[in-house]
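Trainee: I should like to understand how the descriptive terms used for a structure follow from its computed values. May we take this one as our example?

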Amino acid sequence: MRSDAYGSLAMPIYTNVSYEFEDAQQISDAFTGKTKAPNYARVENPTVTNLEHRVRALTGAAHVTGYNSGMAAISNAILSVAAQGKNIVSSRHLFGNTLSLITATLMPFGVKPRLRDLTDIEAVEKAVDENTCCIFLEIVTNPQLEVADLQALAEIAHRKGVPVIADSTVIPFTETHLNSLGVDIEVVSSTKYLSGGGTSLGGLVIDYGTFPQINKRIKGDLLYNLGAYMNPYSAYQQTLGLETLEVRYRQQAANAQRVAEGLQQTSGIRRVTYIGLKDNPYYELARKQFGPTSGAMLTLDLDSREVCFDFINRLRVFHRATNLFDSRSLAIHPASTIFGLFPEHQLEQMDVRQTTIRLSIGLEDPEDLLDDIRQALERQ
Ligand SMILES: *Cc1c(COP(=O)(O)O)cnc(C)c1O
């Protein structure tokens, strides 16, 4: 789509707040929705719209909305269906802030969490009732790397007229057709694969239009009243990221596959968890749902928290940082960082172990990454 007034090939960063009109009628028409002209940058900006259009073209979605973070996309998507007296059927295996949103932030508003094992279809069937407003899940959980059967969950949800909202951050939408598996809304932290080099925060709500009332809320009162729309600087960087997403992703996924396989042959590691390994319990289901690639996140289990800390301290190529799917490889100990403020009994419920290290594999030579891991293990 050629959407810039000057025909600029790369979409420029529009940093304006308002838009000027020729006469009073035009401005009135824009504000009352009679024309599609943008009227205020809290709800529409050409740089963001350009990114949204491109994602819509790539996914075949009915509507795409950009937000200023993954959490903004997730909270707006959930608020579009939640109401007092409703419940959200989800899992304990959730990104920490999403779990906190569902179990803490929304509680005073009378929205109740129903956390179940989403791989236990019978348990989900029992949990979904007439007051359920959505099933919310992550397509591959982090850091447990668990995969639920999307079609089975969607069947339960749709029988009760309930949408499935899926966080698909860990495998890009360019690789999957989640809508054909029954997902109604995808939410994405575009901070991760899209921004690529860890350049910018962002989030996307990708709406397949199967529950038309959701878009009315998303583009209606929520966008206006919560003010969480994506900023144009992020949209610019993430549009650049989108143009190289597929090649970066494929290379990162191939590197992750190589590293995971190499580590299976390495002593000193208790367990390597990656959904692309044939002996992983979710291997078949993940292939069926997400195609031949398996993302770039894997975990290692070592003997203890102390051994994990020593290992992390010795890494030379991996960066000690949070974030996922940066072009650089990253290592972190989730239990003491991302989940560091959760009490131990809650960590156990979430299956976040003190012995686990999470790796996000980047674009470096995978043999260098394997060498780095081996030297960090050997020197213990
Ligand atoms: C990072 C992440 C989020 C939150 O995204 P932000 O852009 O940091 O707000 C949500 N879900 C998953 C799976 C993530 O990895």
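Mentor: Certainly. Let us begin with strand 6: Ile185, Val187 and Ser189 point one way from it, Glu186 and Val188 point the other way, and all are buried. Please keep in mind that this is a predicted model.

Trainee: What makes strand 6 "mostly covered"?

Mentor: The count decides it: 5 of its 5 residues are buried. A residue is called buried when its relative accessible area is under 20%.

Trainee: Which strands pair with strand 6, and in which sense, parallel or antiparallel?

Mentor: Strand 5 (residues 164–167) pairs with strand 6 in the parallel sense over 3 bridges. There, Ala166 stands opposite Glu186. Strand 7 pairs with strand 6 in the antiparallel sense over 5 bridges, and Val188 stands opposite Leu204 in strand 7. Pairing requires at least two bridges; the 3 bridges to strand 5 and the 5 bridges to strand 7 both satisfy that requirement.

Trainee: Which residues surround the ligand?

Mentor: Among them are Ser69, Gly70, Met71, Asp167, Ser189, Thr191, Lys192 and Leu324. Ser189 belongs to the residues of strand 6 that we have just discussed.

Trainee: How do you know that Ser189 makes a polar contact with the ligand?

Mentor: A polar side-chain atom of Ser189 lies 2.8 Å from an oxygen atom of the ligand, and the limit for such a contact is 3.5 Å. Lys192 also qualifies, with a polar side-chain atom 2.7 Å from a ligand oxygen. For Met71 a polar backbone atom is involved, 2.9 Å from an oxygen atom of the ligand.

Trainee: Let us turn to the aromatic rings. How many aromatic pairs does a search of the whole structure find?

Mentor: The search finds 3. One of them joins Tyr193 and Tyr249, with 5.0 Å from centre to centre and 85° between the planes.

Trainee: Why is the pair of Tyr193 and Tyr249 called edge-to-face?

Mentor: Two values are needed, because a pair of aromatic rings is described by the distance of the centres and the angle of the planes. The centres must lie within 6.5 Å, and planes over 60 degrees apart count as edge-to-face. At 5.0 Å and 85°, Tyr193 and Tyr249 therefore fit that name. This pair links distant parts of the chain: Tyr193 is in the loop between strand 6 and strand 7, whereas Tyr249 is in helix 8 (residues 232–264), 56 residues apart. Both tyrosines are buried.

Trainee: What makes the pair of Tyr193 and Phe325 stacked?

Mentor: Their ring centres are 3.9 Å apart and their planes stand at 10°. Stacking requires an angle under 30 degrees, so this pair is stacked. Phe325 lies in the loop between strand 10 (319–320) and strand 11 (330–332), 132 residues from Tyr193. Both Tyr193 and Phe325 are buried. Ring pairs thus link Tyr193, Tyr249 and Phe325 into a cluster.

Trainee: How do you know that Ser90 is buried?

Mentor: Its relative accessible area is 0%, and the cut-off for burial is under 20%; therefore Ser90 counts as buried. Ser90 lies in strand 2 (residues 87–90). Its contacts beyond four places in sequence include Ile102, Arg114, Leu118 and Phe136. The side chain of Ser90 reaches the backbone oxygen of Phe136 at 2.7 Å.

Trainee: Finally, what makes strand 8 and strand 10 edge strands?

Mentor: Consider the sheet itself: 5 strands form an open sheet in the order 8-9-12-11-10, with mixed pairing. Strand 8 and strand 10 each have a single partner strand, so one side of each is left without a neighbour in the sheet.

Trainee: What joins strand 9 to strand 8 and to strand 12?

Mentor: Strand 8 (residues 271–273) is joined to strand 9 by 3 bridges, antiparallel, and Arg271 has Asp301 as its bridge partner. Strand 9 is joined to strand 12 (residues 356–360) by 5 bridges, also antiparallel. Within that pairing, Leu300 stands opposite Ile357 and Met297 opposite Ser360.

Trainee: Is strand 9 covered on one face or on both faces?

Mentor: On both: Met297, Thr299 and Asp301 on one side, and Leu298 and Leu300 on the other, are all buried. Helix 8 lies across strand 8 and strand 9, running at about 15° to strand 9.

Note on methods:
Residues numbered from 1 in each chain as written. Predicted model: local features only at pLDDT ≥ 70, side-chain atom pairs only at ≥ 80, totals over all residues. Heavy atoms only, no water. Phe/Tyr/Trp six-rings, centres within 6.5 Å; stacked < 30°, edge-to-face > 60°. Helix = DSSP H or I, 4+ residues; strand = E, 2+ residues; numbered from the N terminus. Buried < 20%, exposed > 50% of the residue type's maximum accessible area, 1.4 Å probe, protein only. Contact = heavy atoms within 4.5 Å. Polar contact = N/O pair within 3.5 Å; in protein donor to acceptor, adjacent residues only side chain to side chain. Axes fitted to C-alpha atoms, helices over the stretch in contact; angles between N-to-C directions. Near = heavy atom within 4 Å.
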